[in-house]
Amino acid sequence: MLKRGRVTAETIVAQNDLHADFGGVVPELASRQHARAITRSISDVLRQSQLSSPAKDLDGVAVTYGPGLAGSLMVGVSAAKALSLAWDVPLVAVDHMEGHLFAGTLMSPVDLPSLTLLVSGGHSQLIEITEPGRYVELGGTLDDAAGEAFDKVARLLGLSFPGGPEIERVALLGDGSYIRFPRALSGDTLDFSFSGLKTAVLRYLEIHGPVNVNDVAAAFQEAVVDALAHKVGMALRKREYRSVVIGGGVAANTLLRSRIEELCAAAGVKAVIPPKRLCTDNGAMIAAAGAFRLGLGQVAALDIGIDTSLSL
Ligand code: KG4
Ligand code: ZN
């Protein structure tokens, strides 16, 4: 819950443990768990907020309607419709990725023009924002998203899901400096490509037999972060930006965060690096994007559906 752009109450119900044994999110399990957890999350937030009357005190209810898994989106959208009806407040439909873009605004004002690196389980994008709500994709992924690469490589290394935090954890114990994985940095485009890197890790494991997993994780993390930072640096050389924002689950990565900070300091650009809990999926970022959309008068009809492949 937000009040004037500040978080007044929040809860996150993660279900990573449920999917860990499967090495990735199992859609059927995800939607069932959403159905179980959603009413408890809503009542938790209401209790924390201590609003005397949500119907009187809330300006609207924001919900993600895409992109993502159909069953999970449907649980959220149905619950938000029920709240909107019960409290007679506007329903606001939010693009999940716009939510990630807005996480930074919960920390500090984002000066425009801004360059955003959006890196999650399903997306790797460099986005330029010159005016509020207008997004221009400067580069995207040609194959795997950055988070997907972390998850797949973690699986190859026998680490659990989600792979990003696991790789980060074991990389701290390793030294990847003697392994050099490819970066796919070539060319003048701002697009990313991570499938070659994943294949290189697979090849390395096949050739070298039993390896030090910590070292391989460290070398892999270095290669991903290098590739992301390289493209951010390229974009900064192409145009003058007033801020660089990072968002999405991979933006919780400590090495990436420090690399972006260094890049921005060197370029004299403000870096907006949200705390880690606002980088991975959360409701506060959806409320922030929802407040922006509501401010533009964009209220959703109560028969709105979901859009699993929505794009910014
Ligand atoms: O944004 P997010 O929570 O969910 C999606 O919208 O996809 O991102 C999840 C992704 C997963 O692929 C996960 O492995 C990755 O973000 N991730 C990380 C870290 N924490 C989460 N990747 C690298 N380092 C991390 N610390
Ligand atoms: Zn996300």
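**Reading two helix features in a predicted model**

Me: I have this predicted model open. Where should I start with helix α8, and how does its end-to-end distance compare with what its residue count suggests?

Reply: Happy to help! A helix advances by a set rise per residue, here taken as 1.5 Å. Helix α8 runs over residues 195–208, and its 14 residues should span 20 Å. The end C-alpha atoms of α8 are 20 Å apart, which agrees.

Me: Which residues of α8 are buried, and on which side do they sit?

Reply: Look for L197, K198, A200 and V201, which are buried. Their arc around the axis is only 160 degrees, so they lie on the same side of α8. Turn to the face away from that buried side and you find the exposed residues T199, R203, E206 and I207.

Me: What do the buried residues pack against?

Reply: Their partners are α6 (146–156) and α9 (213–238).

Me: What does the backbone do just after α8?

Reply: Check G209 there: its phi is positive, about 65 degrees.

Me: Now for a helix pair. How are α5 and α12 oriented to each other?

Reply: For a pair, read the axis approach and the crossing angle. Helix α5 (residues 96–103) and helix α12 (residues 283–295) have axes that come within 7 Å and cross at roughly 95 degrees. An angle of 65 to 115 degrees counts as roughly perpendicular, and α5 and α12 are therefore described that way.

Me: Which residues make that contact, and what is their character?

Reply: From α5 come E98, G99, H100, F102 and A103, while α12 supplies M285, I286, A288, A289 and F292. By character, the residues of this contact divide into seven nonpolar, two polar and one charged.

Note on methods:
Residues numbered from 1 in each chain as written. Chains lettered and ligands numbered in written order. Predicted model: local features only at pLDDT ≥ 70, side-chain atom pairs only at ≥ 80, totals over all residues. Helix = DSSP H or I, 4+ residues; strand = E, 2+ residues; numbered from the N terminus. Expected span 1.5 Å × (residues − 1). Buried ≥ 20, exposed ≤ 12 C-beta atoms within 10 Å, placed from the backbone. Arc of directions from axis to C-beta. Contact = placed C-beta atoms within 7 Å. Axes fitted to C-alpha atoms, helices over the stretch in contact; angles between N-to-C directions. Parallel < 35°, antiparallel > 145°, perpendicular 65-115°, else oblique. Nonpolar A, V, L, I, M, F, W, Y, C, P; charged D, E, K, R; others polar.
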